Amino acid sequence: MNDVTHASGTPGTTGTPAGGTRPRVAVVFGGRSSEHAISCVTAGSVLAAIDREKYDVLPLGITQDGRWALVADAAERLAIGNSGRLPDVTDVAEPGGSVVLAADPTQRELTLVETGQVTDLLGGVDVVFPLLHGAYGEDGTIQGLLELAGVPYVGSGVLASSVSMDKEYMKRVFEGFGLPIGPYTTIRPRDWERDPSAVREAVAALGFPVFVKPARAGSSMGISKVHDIDALDEAIETARKHDPKVIVEGMLTGREIECGVLETRDGAIASVPAEIRVRGDHEFYDFEAKYLDDVTETDVPALLTDEQTREVQRMAVAAFDALSCEGLARVDFFLLDGGSVVINEVNTMPGFTPVSMYPQMWKASGVEYPELVDRLISAALERPNSLLR
């Protein structure tokens, strides 16, 4: 599977890479979303894995108020603490001003600005690894900035990132491509504010229990499992703390299966699938189950028949292509008790620590974590920006 080769310079330019003899990789993490801490954890793992003999690395953190900052290259300080303390960009931010990337494709240079004055030119960047989860990062916003700046980046472009982040429109795309999804209804802000009774009726029509989710968030933030109408209002308000737009999904009974997708020169390929099971008091795979409590069991690869494995892999690639994804994605499924497979969602920047499901699935498929990181960076260096591909 070593079909991705290293680019010797910045695509579309001449001369040496911005970092000198080696391409310069800006690892961008943190951000303004509720998934800030998980982005920091992901970045710590990637920083530790990047081949420093092959790439120059510039870590850049985005604080929760949106400031871009130079940060220490200290992977160990970006892990979840033994007490469960979640990391923050401020833990590793260097003192000083803000880092600015101009939306100017002729320069690709980063500038350090302090009190309105340019204090330092940090030099150019050859490729960005945007390890941002959720809003203001995984949703097409930073991808748009990088497109304007003419800087290559790892992962999906503006359209795929934006549509994949919005669970309603992601499902609409799947429906348009004939891919199976579960029952759902969407609650827009004006719906809830003008006619909450109609909203309750639409949700009740799905049958209880249901899952109430922010439409544009991840890491299971703000999700509630609702067993009856009396608990619905509180669950909606919980979701609205993360996103004013809410999606409600009907209960599907079956197994939770995941599959990784990786783009190659010959098209997207799928990893072996994996299965997640939640033990104990957790009713579903919520934030605590994912990151804090030791209550999950995984099978990598999943214990599926050959036919089921092929169907999950086929549908994972079909979902990736339907959304026009690039680089990488994790596709989540339900294998229903009757044997059919239903797509739950696609994550264009999945959790990316060595113990996260996406890298685990590729390890079981023969691609170790450092190689996976290298392949994604190398592919991004070779790929033109979205309007040219």
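Strands S1 (24-30) and S7 (127-131) run parallel to each other and pair over 5 bridges, where pairing requires at least two DSSP bridges between two strands. Helices (H or I, at least four residues) and strands (E, at least two) are DSSP runs numbered from the N terminus. Within this pair, Phe29 has Leu131 of S7 as its bridge partner. This is a predicted model, in which local features need pLDDT of at least 70 and side-chain atom pairs pLDDT 80 or more, while totals for chains, interfaces and linings use all residues. Residues count from 1 along each chain as its sequence is written, and side-chain values use heavy atoms, without hydrogens or water.

Let's step out to the whole sheet. It is open and mixed, with 4 strands in the order S3-S2-S1-S7. S3 (68-70) and S7 form its edges, each pairing on one side only.

Two helices come next. H1 packs on the sheet, touching S1, S2 (56-62) and S7, with contact meaning heavy atoms within 4.5 Å. H11 packs on the sheet too, touching S1 and S7.

Now for the interior. The largest nonpolar core has 35 residues, and Val27, Phe29 and Phe129 are among those with the most contacts inside it. Such a core is a set of buried Ala, Val, Leu, Ile, Met, Phe, Trp, Tyr and Cys residues joined through side-chain atoms within 4.5 Å; buried means under 20% relative accessible area, exposed over 50% and partly exposed in between, with a 1.4 Å probe and protein chains only. H11 gives the most to this core, 7 residues. Beyond its neighbours within four places in sequence, Val27 contacts residues including Ala43, Leu60 and Phe129.

Notes:
Axes fitted to C-alpha atoms, helices over the stretch in contact; angles between N-to-C directions.
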